[in-house]
Amino acid sequence: MLYRETGDFKSNYAADQQTFPIKSERYLFWAAMAFAFLVVPFFINDYWEKSVIVPLLVWAMAALGLNILTGYCGQVSLGTGGFMAVGAYACYKLMTGFPDLNIFFVVILSGGVTALVGMLFGLPSLRIKGFYLAVATLAAQFFLVWLFNKVPWFYNYSASGQITAPERTIFGIAVTGATAPPWATYLFCLAMVFIFAWIARNLTRGQLGRSWMAIRDMDIAAEIIGVQPMKAKISAFAVSSFYIGAAGALYFSVWLGAAEPTEAFGIDKSFLVLFMVIIGGLGSILGSFLGAAFLTLMPVLLKNVMVGGLGWPTDLAAHIEIMLVGGLIVFFLIVEPHGLAQLWRLAKEKLRLWPFPY
Amino acid sequence: MKLSKMAIVTAMAAMVGSTPALADLVFPSMSYRTGPYAAGGIPFADGYADYFTLLNERDGGINGVKANVIECETAYNTQKGVECYESTKGEGALLYQPLSTGITYQLIPKATADGIPVHSMGYGRTSAANGKIFSHVFNYPGTYWDAASIIVNHILEENGGDVKGKKIALVYHNSAYGKEPIRTLEELAKKHGFELTLVPVDHPGQEQKSQWLQIRRERPDYVLMWGWGVMNQVAIKEAANIRFPMENFIGVWWSASENDVLPAGEGANGYKAVTFHGVGSDFPVFDDLKKHVIDAGKAAGAGDQVGTVLYNRGLYAAMLAAEAARTAQAMHDTKDLTPAQMRDGMEALKIDAARLEALGLPGFGPEINVTCENHGGPGLGAIQQWNAADGKWVLINDFGPADRAVIDPLIMEDSKAFAAENNIPERCN
């Protein structure tokens with residue numbers, strides 16, 4: 001079907017170990033990227049940007065981060081919302097403190113700040129694991145949100161405690177603020193996610209990623225064969241928090257434009273990202289994207305079908321939407337406990353063997 | 001089979017961006033009938049929808065053009081609110097009433113860039129009252145800062161003008177909304193010499209034992225409340241539990257509906273709140289509502305909210321919107337409005353006692369006179385008190401003014417800071 005592997009030979013290790021070893025899959029990937037970079041910007045409007053695609057990209061970035069920590073290194077974290085808040089507030093302080101700094105670097109630096117905070121909160125992971133670690137990260141969630149609500153320096157002493165993103169440009173085109181054109185914010189987020197997904201994919205295939213996976217699979221065995229648990233765990237917290245912080249910075253500056261800590265970075269955001277990672281597939285880059293897509297697009301789709309398409313009352317639709325999304329999560333986890341990424345993996349196997357799958 | 005699956009997928013993809021039919025005067029209603037704040041969102045949304053239904057049924061619309069209320073569920077959630085805004089603005093939306101301070105903050109820059117007016121009636125960003133800076137945002141007839149000042153005026157009145165050394169505690173929803181009055185109260189504390197204690201309550205406010213323990217320990221003379229949703233009823237119940245004198249417990253207008261006081265039963269008797277509109281259903285317009293909307297089976301929601309405080313507020317918001325649309329129609333000599341014309345109508349809105357009488361709402365609210373400079377309206381408010389025996393709110397004084405000498409400089413300062421941050425030139429010169 002999609003895959004015709006006949007004649008697709010590899011004559012060196014580099015070709016054999018590339019991310020997409022199957023030629024048709026490589027073409028599919030590049031075609032999708034070409035579509036995303038070259039076609040979508042010409043058709044995107046405010047609605048698709050603010051309600052569908054930018055949310056998808058931001059959550060995919062956050063899910064990538066959590067997947068590195070939970071999926072690859074096996075450290076459960078419930079602090080995602082808090083770390084996103086660190087990214088957002090770092091972004092806000094940098095934007096207002098250094099108005100001339102390019103927003104691209106602001107987002108990267110925000111990720112860096114979050115990485116430091118993440119390492120700090122990752123220290124308990126050296127002594128505790130599993131549920132106990134989850135509780136420790138939960139403390140991070142509550143502490144960080146409380147901190148940003150309590151200390152006025154973080155929100156520049158504004159009367160309401162809200163932070164608002166000023167306008168910042170790249171090559172003279174606004175990517176934050178109210179006048180930013182939808183294609184610009186979309187391309188900015190897409191480029192960010194593309195670059196960092198690329199890096200994540202290669203990090204997880206390299207020495208660092210392998211040490212994470214060794215720790216995940218059995219930390220004592222990993223330690224015996226020479227993986228340093230401290231280095232592996234703290235680096236996982238750092239990298240993961242970097243991604244989550246960058247996602248938080250994009251979430252605040254590009255997508256929302258204004259935020260208040262208790263609502264935008266509450267515990268429900270931590271769970272949302274955790275659900276994305278679990279439904280998408282733990283330990284899979286593709287899974288982060290599939291999980292984010294499932295949990296951001298499904299509610300919007302259901303709402304439009306029920307309210308826009310069928311004309312139901314909004315409250316009825318909202319309640320049914322909650323039930324349906326919950327039901328679908330249970331359904332997918334029963335059908336495929338390893339997430340949507342595994343579903344795709346199985347489908348790919350079948351497609352490669354098509355028309356004689358067994 | 002594959003093809004039909006593809007067809008379903010494409011149809012669904014198309015529906016993600018689908019849009020309902022167009023209508024003449026579009027008033028999106030960003031409602032919340034679900035979530036922890038639904039008890040407040042439902043009556044407001046019903047009142048808002050019912051008033052437009054009344055206009056359509058009784059008068060055939062506004063000057064003959066039908067009004068179309070598109071409801072969109074926000075669940076008081078900022079992201080959903082933004083989604084609602086983006087999905088409805090393409091349908092000729094004339095005016096947004098976000099009904100959430102968080103969503104209002106999001107929409108102020110967006111709607112200004114899109115040229116669509118926002119009316120945050122008695123909530124939102126207080127300094128938007130300065131029309132010189134905020135061209136598309138209106139918060140008449142009053143702001144949180146007015147509310148804070150009117151409450152303090154009431155306390156002054158009760159104490160013969162001297163509150164020196166008195167302790168006043170503010171119990172507030174720990175969000176942009178709840179923090180709004182703090183600045184003003186701090187200024188007023190300096191001016192009148194009372195002592196202000198801040199007691200934050202985190203969303204959603206179901207658990208307030210520690211806060212009320214603090215109040216019990218510190219024994220403030222008065223407690224003010226900036227709460228919303230389930231937080232209100234919990235606070236009033238807790239206040240009753242610690243036997244705090246209810247007549248010294250004063251809420252903002254969002255902490256003063258039947259939903260908030262009924263759960264505390266007799267204990268809530270005497271609870272006070274500031275309000276900017278009348279209470280009850282003893283107004284002629286309710287007879288029309290009953291005849292044309294409720295008995296005709298066209299009421300929004302369950303139809304059981306008529307005459308409650310928040311229903312009245314939704315109705316009042318709809319009335320102000322309809323009157324602004326009428327003003328805009330007269331100004332621009334057209335029947336179909338654009339958002340820009342609607343904005344002009346709001347800026348020129350004048351509602352006097354005679355007009356209120358003609359609308360079937362005599363004495364329902366203060367007179368309103370919006371100008372280019374002042375988008376915050378008269379800033380008048382009255383105090384209402386709960387009578388638990390009759391199950392009724394009663395106005396205990398007339399609509400009175402806020403302390404402009406304190407509030408106006410604060411509005412100037414905050415809006416100037418916003419203008420400087422965002423490079424906004426002053427208008428109205």
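## Fold of chain B and its contact with chain A

Among the contacts in chain B between residues at least 6 apart in sequence, 71% join residues that lie at least 24 apart. The model is a predicted one, and every value in this report is to be read in that light.

### Chain B as a whole

The secondary structure of chain B amounts to 15 helices and 14 strands, and buried residues account for 58% of the 429 residues in this chain. Along the principal axes, the C-alpha trace of chain B spans about 70 × 55 × 45 Å. A compact globule with 429 residues would have a radius of gyration near 22 Å, and because chain B has 22 Å, the two values agree.

### Two domains in chain B

Chain B is divided into domain 1, which covers 20-142 + 280-378 + 409-422, and domain 2, which covers 144-275. The centres of these two domains of chain B, taken over C-alpha atoms, are separated by 27 Å. To the contact between them, domain 1 of chain B contributes 15 residues and domain 2 of chain B contributes 21 residues.

On the side of domain 1 that touches domain 2 of chain B, the elements giving two or more residues are helix 2 (38-59), helix 4 (101-114) and helix 12 (309-332) of chain B. Helix 4 of chain B gives the most to this side, with 3 residues. By residue class, this side of domain 1 of chain B divides into 8 nonpolar, 7 polar and no charged residues.

### The contact between the chains

Chain A gives 33 residues to its contact with chain B, which in turn gives 38 residues. Helix 3 (46-72), helix 11 (261-264), helix 13 (285-309) and helix 14 (314-335) of chain A each supply at least two residues of the side that touches chain B. The two sides for which a division by residue class is available are set out here.

| Side | Nonpolar | Polar | Charged |
|---|---|---|---|
| Chain A, touching chain B | 14 residues | 14 residues | 5 residues |
| Domain 1 of chain B, touching domain 2 of chain B | 8 residues | 7 residues | no residues |

### Helix 6 of chain A

Helix 6 of chain A (residues 131-150) has 20 residues and reaches 28 Å from its first C-alpha to its last, close to the 28 Å expected at 1.5 Å a residue. The buried residues of this helix are A:Leu133, A:Ala136, A:Thr137, A:Ala140, A:Gln141, A:Leu144, A:Val145, A:Phe148 and A:Asn149. An α-helix has 3.6 residues a turn, so residues three or four places apart point the same way. The cover over the buried residues of helix 6 of chain A includes helix 4 (80-97), helix 5 (103-122), helix 11 and helix 12 (267-280) of chain A.

Terms used
Residues numbered from 1 in each chain as written. Chains lettered and ligands numbered in written order. Predicted model: local features only at pLDDT ≥ 70, side-chain atom pairs only at ≥ 80, totals over all residues. Contact = placed C-beta atoms within 7 Å. Helix = DSSP H or I, 4+ residues; strand = E, 2+ residues; numbered from the N terminus. Nonpolar A, V, L, I, M, F, W, Y, C, P; charged D, E, K, R; others polar. Expected span 1.5 Å × (residues − 1). Buried ≥ 20, exposed ≤ 12 C-beta atoms within 10 Å, placed from the backbone. Rg over C-alpha atoms; globule rule 2.2 N^0.38 Å. Domains from an automatic or database assignment.
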